Amino acid sequence: MTPETAVVQALNGISFGALLFILAAGLSLIFGMMDVVNLAHGAFYMLGAYIALTIVQRTGQFWLALVLAPLLIGALGLVIEPLLLRRLRGRHLDQVLLTIGVSLVIADLIGLTWGREIRSIPFPAGLDHAITIVGGDYPVYRLFVIAFGAALAVVLAVVHRRTRVGALIRAGVDDAPMLAALGVDIDRLFAITFAVGAALAGLAGVIAAPVFGIYPGMDVDYLIYSLVVVVVGGLGTLSGAVAGSALIGPVDTFGKVLFPQFALALIFAVMALVLLMRPTGLLGRIRIAR
Amino acid sequence: MLLPFTKVYAELGNSMQRATKLYLKQKGDALANRPVTVIYEDEANDPVVGAQKTQKFIDSDRVDLMMGIVATPIAYAVRNAIDAAKLIFIETNAGGNALTRTTTDCKPSCKSKYIFRSSFSSYQISYPIGEYFATQKGVKEVFTFVADYGFGNESAADFTSGFTKGGGKITGSLKAPLGSADFLPFVTQLKGQQTKDIYSFFSGTDAINYIKAWTQLGMTASGYKMNGAGFLTEQDVLKEVGDQANGATTSLFWAVTLDNAENKAFVDAYQKEYSLLPDVFAVQAWDGMQAVDLALQAVKGDTSNKDAFIAALENVKFKSPRGDFEFDKETHNPIQDIYIREVKVQSGQAVNTIVGKVARVTDPGK
């Protein structure tokens, strides 16, 4: 591999990692706050991509899709949490089963509504060209994904550390019952958390749609990636999602081109290795069982 | 019929079902004066499910004939059960070479007296274009880049043997895991090497992602040429990538633009019924139905004598939308013309245009 190619591959890896971060941030947020492993996360991601498909087909506006699709999926999350998840609060296994059910229903409804053909949307105008980096062309859209992922990480970090909502989230992650005892409306906080997590999955779906295609089965493919990222990075922390995606994106990219025969196993090998050395993940904290 | 109606190949199953229904509708739901009932089952792209449903056809439905199956691993998984039950089966898609070949210890699969194939073997869509490139097109060097699974590897190997036999040289190869999310890393590697002609096997979402990554890195402008087995630029892909596949050269036994009376009639009837263009999967199912229809006529609708029915199938010859169709009596794989096609943009639409033909290609059978 020439140095130029290596640089370009590193960019590829980082941009894939940035996308994984957008996807995994929501999963991590929901887990950290609510102690729910939301296996419908992949379905929300898929739904985001399909809603983007319709919006782009109707209006040609990618940017509209980028705003509208996460809002719609957030609204869906706002319905699902009180209607379904709340009834099972504290029953972890039942909650996991429920989210699998939700994901199957969403995937089938998508099949009925949009059909089961493979689809794709064009790159948004202005980001559909390439620029010259280290003597070769590099697609601008990938740089946009990196920038977007980084900006989102900063925004989430600021919200997390500097705002009242962030303080509530941090408190909720530490001890939700105590937070409720202090008079915080925990039901509302959980519903909003779930909605924001779902919206982030939808956002990732929109961002990924021009690059990775839109097809039945994409929900499962990316659910697995996002689970690997949060487990490697450390469950339930924002910095963990950053660390996990920063590691898994490049590992996956370099692994595929350098050791194609092990490509699929490689990220799981990394996950196993990380868990052996740090059972809580790279930046995970020890959680006290409640 | 055993077809995928869920999971990633659902649309292929739908397409074959549409062609089958259209054929029967045209014949008034009767073949050789015998009413025909079709039971559709979902193989869900899973060998275990495929095996269960095949057993259901054998034990409880007691069907006279089975058709379908999209993915090669499923076809391989049910091969022995079909052979043991003496169930006549027409494979309408899966192209794994071993299904119609003599292999050592029947691994991973092997031909059966009871198994016919109305689609293709991967040899047929890969070897001829290799030879054609070396001898007709004057290509000297090719780099291969295929999906890393049975079918992609078979395609690369068959292309390589055809191309090197014609005097060409393979300068290197690269493989992408099936269903790779991100194709940019692979195309980056392609661009990092010198050979301009790339031979690929990808289909569906992989093909779309590959072509888009190809465009993003400006491969065509840098002088690279995309080539491959026909599924790389079939309609499901072209309608999503449009002119981005412009100039890609692929080989297949059919194209929607193929100029013959049967194809025109087929495309028109299909479009009229469903308001959409047929794809190659529809043609495969359609020809499976034609073969069954003609064989049934030859035995006057009597399927009780299996050997007579098999002999009748071996002897069918007809004009298909793809051209002349007959089964190779040795292998039960079709003998068919392979077309070399180039993607061109005509009145704003990307289509496969025929630029060459390799006549009467049959699988070597071993």
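**Exercise 1. The contact of H2(A) with H4(A)**

Task: In this predicted model, determine which residues of H2(A) meet which residues of H4(A), and characterise the crossing of the two helices.

Solution.
Step 1. On the side of H2(A), the participants are Gly42(A), Ala43(A), Met46(A), Leu47(A) and Tyr50(A); H4(A) contributes Val102(A), Ser103(A), Ile106(A), Ala107(A), Ile110(A) and Trp114(A).
Step 2. Sorted by class, the residues of this contact comprise nine nonpolar, two polar and no charged.
Step 3. H4(A) covers residues 92-114, and its axis comes within 9 Å of that of H2(A), with a crossing angle of roughly 20°.
Step 4. Angles under 35 degrees count as roughly parallel, so H2(A) is roughly parallel to H4(A).
Step 5. The handedness of the crossing of H2(A) and H4(A) is left-handed.

**Exercise 2. The contact of H2(A) with H8(A)**

Task: Establish at what angle H2(A) and H8(A) pack, and state which residues make the contact.

Solution.
Step 1. The axes of H2(A), residues 41-59, and H8(A), residues 218-233, lie 8 Å apart at an angle of about 125°.
Step 2. This angle makes H2(A) oblique to H8(A).
Step 3. The crossing in which H2(A) passes H8(A) is right-handed.
Step 4. From H2(A), the contact draws on His41(A), Gly42(A), Ala43(A), Tyr45(A), Met46(A) and Ala49(A); from H8(A), it draws on Met218(A), Asp219(A), Val220(A), Tyr222(A), Leu223(A) and Ser226(A).
Step 5. Eight nonpolar, three polar and one charged residues make up the contact of H2(A) with H8(A).
Step 6. Gly42(A), Ala43(A) and Met46(A) take part in the contact with H8(A), and these residues also meet H4(A).

**Exercise 3. The overall form of chain A**

Task: Describe the secondary structure of chain A and assess its radius of gyration against the globule rule.

Solution.
Step 1. Chain A contains 10 helices and two strands.
Step 2. Read from the N terminus, its elements follow the order α-α-α-α-β-β-α-α-α-α-α-α.
Step 3. The radius of gyration of chain A is 19 Å, close to the 19 Å given by the globule rule for 290 residues, so chain A is as compact as a globular protein of that length.
Step 4. Along the principal axes, the C-alpha atoms of chain A fill a box of roughly 60 × 50 × 35 Å.

**Exercise 4. The side of chain A that touches chain B**

Task: Find how many residues of each chain are in contact, and which element of chain A gives the most.

Solution.
Step 1. The contact involves 28 residues of chain A and 30 residues of chain B.
Step 2. On the side of chain A, two or more residues come from each of helix H1 (3-34), strand S2 (136-139), helix H9 (238-258) and helix H10 (263-277).
Step 3. Of these, H1(A) gives the most, with five residues.
Step 4. The side of chain A that touches chain B divides by class into 12 nonpolar, nine polar and seven charged residues.

**Exercise 5. Chain B and its domains**

Task: Give the domain assignment of chain B and describe how the two domains meet.

Solution.
Step 1. Chain B has 11 helices and 16 strands.
Step 2. Its radius of gyration is 20 Å, which agrees with the value near 21 Å of a compact globule with 366 residues.
Step 3. The assignment places 2-120 + 259-332 in domain 1 and 123-252 + 338-361 in domain 2.
Step 4. The centres of domain 1 and domain 2 of chain B are separated by 28 Å.
Step 5. Contact between them involves 10 residues of domain 1 and 11 residues of domain 2 of chain B.
Step 6. The side of domain 1 that touches domain 2 in chain B has four nonpolar, four polar and two charged residues.

**Exercise 6. Local features of chain B**

Task: Describe the packing of H2(B) with H3(B), then locate Asn45(B) and Pro108(B).

Solution.
Step 1. H2(B) and H3(B), residues 72-85, pack at about 25° with axes 8 Å apart; the two helices are therefore roughly parallel to each other.
Step 2. H2(B) passes H3(B) in a right-handed crossing.
Step 3. The residues of this contact are 10 nonpolar, three polar and no charged.
Step 4. Asn45(B) lies in the loop between strand S4 (41-42) and helix H2 (47-61) of chain B; although not a glycine, Asn45(B) has a positive phi of about 55°.
Step 5. Pro108(B) is in the loop between strand S6 (88-91) and strand S7 (115-117) of chain B, and the peptide bond from Lys107(B) to Pro108(B) is cis, with omega near -5°.

Notes:
Residues numbered from 1 in each chain as written. Chains lettered and ligands numbered in written order. Predicted model: local features only at pLDDT ≥ 70, side-chain atom pairs only at ≥ 80, totals over all residues. Domains from an automatic or database assignment. Contact = placed C-beta atoms within 7 Å. Nonpolar A, V, L, I, M, F, W, Y, C, P; charged D, E, K, R; others polar. Helix = DSSP H or I, 4+ residues; strand = E, 2+ residues; numbered from the N terminus. Axes fitted to C-alpha atoms, helices over the stretch in contact; angles between N-to-C directions. Parallel < 35°, antiparallel > 145°, perpendicular 65-115°, else oblique. Left-handed = near helix turned anticlockwise from the far one by under 90°. Rg over C-alpha atoms; globule rule 2.2 N^0.38 Å.
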